[in-house]
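Trainee: Got a minute to go through this one with me? I'd like to start with the strands and then move on to the side chains.

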Amino acid sequence: MWQDAFTSIEMCGKPVIACLHGAVLGAGLELVAACDIRFCTSDASFKLAEVDIGLASDVGGLQRLPKIIGNQSLVRELALSGRQMLGSEAFQHGLVSRIFDTKEAMMSEGLALCQSIASKSPIATLGIKEFLNYTRDNSVKDSLEYAITWNMSMLQGSDLAIATASMVQKSLPEYENLPGAKQSKL
């Protein structure tokens, strides 16, 4: 059930942004590995702590982190030793995309990114997330075929016309909600 819960973050139709400060330990690190975008403060630290209590990480960290970090040796070192990785090292290896001096600055930038993404077509953002997840686990050839099939079906909607008209009119687009989705106000 925990694996399914963590994977639901990854499969969520909306981008999920994690803003991290302080210690991110064990299942907490595995949880944020399922997020789309990760920011942290300079005082953040990361640790796969399960090995210290006689367990192997089992809710997705060992499956996701090698793909995120792209360094099998580093992931094995962290998982097998329980070594703490500081925020600067996490940034250097791609676990986080941005690092901030303060929690307030991080949260402000995180919210600004949320607002920016929320202003985009929900069909486009869903497609981008779907393509990136699919591409991570499949070949480039298969991913290109998947993308063209997806986009052909998405062209049936109104988002492309709305976005194009807004660009021409130099106005903000107003997109319809995805079926079954509630409009969120940030």
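**Strands, salt bridges and cysteines**

Mentor: Start with strand 3, residues 37-41, which is mostly covered: four of its five residues are buried. Keep in mind that this is a predicted model.

Trainee: OK. Which way do strand 1 and strand 3 run, and how many bridges join them?

Mentor: Strand 1, residues 17-20, runs parallel to strand 3, and four bridges join the two. One pair to look at is I17, whose bridge partner in strand 3 is I37.

Trainee: And what about strand 3 and strand 6, how many bridges there?

Mentor: Three bridges join strand 3 to strand 6, residues 98-100, and these two are parallel as well. T41 stands opposite F100 in strand 6.

Trainee: Where do side chains point in a regular strand, generally?

Mentor: In a regular strand they alternate between the two faces of the sheet.

Trainee: Then there's the sheet with strand 2 in it. What order do its strands come in?

Mentor: The order is 2-4-5, in an open sheet of three strands with mixed pairing. Strand 2 (23-25) and strand 5 (85-86) are the edge strands, each pairing on one side only.

Trainee: How do strand 2 and strand 4 pair, parallel or antiparallel?

Mentor: Parallel: strand 2 and strand 4, residues 45-47, pair in that sense over three bridges. V24 has F46 of strand 4 as its bridge partner.

Trainee: Zooming out for a second, how many helices and strands does the chain have?

Mentor: The chain has nine helices and six strands. It has 186 residues, of which 32% count as buried.

Trainee: What size of box do the C-alpha atoms fill?

Mentor: Roughly 55 × 40 × 30 Å, taken along the principal axes.

Trainee: And what share of the contacts comes from residues 24 or more positions apart?

Mentor: Such residues account for 59% of the contacts with a separation of 6 or more.

Trainee: Switching to charges. How many salt bridges does the count come to?

Mentor: Ten salt bridges. Take D137 and K67, whose closest N and O atoms are 2.8 Å apart. D137 lies in helix 7 (residues 122-137) and K67 in helix 3 (residues 61-69), so this salt bridge ties together parts that are 70 residues apart in sequence.

Trainee: Are those two buried or exposed?

Mentor: Neither, strictly. D137 is partly exposed at 42% relative accessible area, and K67 is partly exposed at 49%.

Trainee: Which residues are linked with them in a network?

Mentor: The network of salt bridges links E10, R64, K67, R136 and D137.

Trainee: What about R83, which residues does it bridge to?

Mentor: R83 forms a salt bridge with E77, at 2.6 Å from N to O. R83 also forms one with E89, where the closest N and O atoms are 2.9 Å apart.

Trainee: And how covered are those three, buried or exposed?

Mentor: R83 is partly exposed, with 27% relative accessibility. E77 is partly exposed too, with 36%. E89 counts as buried because its relative accessible area is 17%, and the cut-off for buried is under 20%.

Trainee: Cysteines next. How many disulfides does the structure hold?

Mentor: Zero. C12 is in no disulfide, and the nearest cysteine sulfur, that of C35, is 9.8 Å away. A pair has to be within 2.5 Å to count.

Trainee: And C35, where is the nearest cysteine sulfur?

Mentor: That is the sulfur of C19, 9.7 Å away, and C35 is in no disulfide either.

Trainee: How accessible are C12 and C35, if I wanted to compare them?

Mentor: C12 is partly exposed, with a relative accessible area of 30%, whereas C35 is buried at 10%.

Trainee: Last topic, the surface. Which residues form a nonpolar patch there?

Mentor: I148, M152, L155 and L160 form it, with about 420 Å² of accessible area together. I148 is found in helix 8, residues 140-154, and counts as exposed at 51% relative accessibility.

Trainee: And how much area does the chain expose, with what share from carbon and sulfur?

Mentor: The chain exposes about 11400 Å², and carbon and sulfur atoms supply 60% of it.

Terms used. Residues numbered from 1 in each chain as written. Predicted model: local features only at pLDDT ≥ 70, side-chain atom pairs only at ≥ 80, totals over all residues. Heavy atoms only, no water. Salt bridge = Lys/Arg side-chain N within 4 Å of Asp/Glu carboxyl O. Buried < 20%, exposed > 50% of the residue type's maximum accessible area, 1.4 Å probe, protein only. Patch = residues over 30% accessible without salt bridge, like charges linked within 9 Å, V, L, I, M, F, W, Y side chains within 5 Å. Areas by Shrake-Rupley, 256 points an atom, 1.4 Å probe, with all protein chains shown as cover. Pairing = 2+ DSSP bridges. Contact = heavy atoms within 4.5 Å.
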